[in-house]
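Please open the structure in your viewer and keep the sequence at hand. The tour proceeds by selections, each followed by a note on what is found there.

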Amino acid sequence: MRASPTELLIVLAIVIVIFGPKQLPRLGKMLGQSLKSFKKGMEDDESTKSADEVKDDEED
């Protein structure tokens, strides 16, 4: 299920009305930081799982 360009424009217009054009750069920065933090957390979780799997293999 993909969003059409028209749907994206409608969502963007709603965001501009709600937050105002002056807040958009700040919101973009916050979104970018959130995504970066989420990706880092996912990578940390994967490395923890890998270490746990190695530990389980050594116990066998």
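Select Ile 10, Ile 14, Ile 18 and Phe 19 and display their side chains: in this predicted model, these residues make a nonpolar surface patch of about 410 Å².

Next, restrict the selection to Ile 10. Is Ile 10 buried or exposed? With a relative accessible area of 48%, Ile 10 is partly exposed, because that category lies between the 20% and 50% cut-offs.

Now extend the selection to residues 5–19, which form helix 1, where Ile 10 lies. The C-alpha atoms at the two ends of helix 1 are 21 Å apart, in agreement with the 21 Å that its 15 residues should span at 1.5 Å a residue.

Proceed to Gly 20, which follows helix 1 and has a positive phi, near 85°.

Finally, display the whole protein. Two helices and zero strands are present. Of its 60 residues, 2% are buried. The protein exposes about 5800 Å², of which carbon and sulfur atoms supply 62%.

Conventions
Residues numbered from 1 in each chain as written. Predicted model: local features only at pLDDT ≥ 70, side-chain atom pairs only at ≥ 80, totals over all residues. Heavy atoms only, no water. Patch = residues over 30% accessible without salt bridge, like charges linked within 9 Å, V, L, I, M, F, W, Y side chains within 5 Å. Areas by Shrake-Rupley, 256 points an atom, 1.4 Å probe, with all protein chains shown as cover. Salt bridge = Lys/Arg side-chain N within 4 Å of Asp/Glu carboxyl O. Helix = DSSP H or I, 4+ residues; strand = E, 2+ residues; numbered from the N terminus. Buried < 20%, exposed > 50% of the residue type's maximum accessible area, 1.4 Å probe, protein only. Expected span 1.5 Å × (residues − 1).
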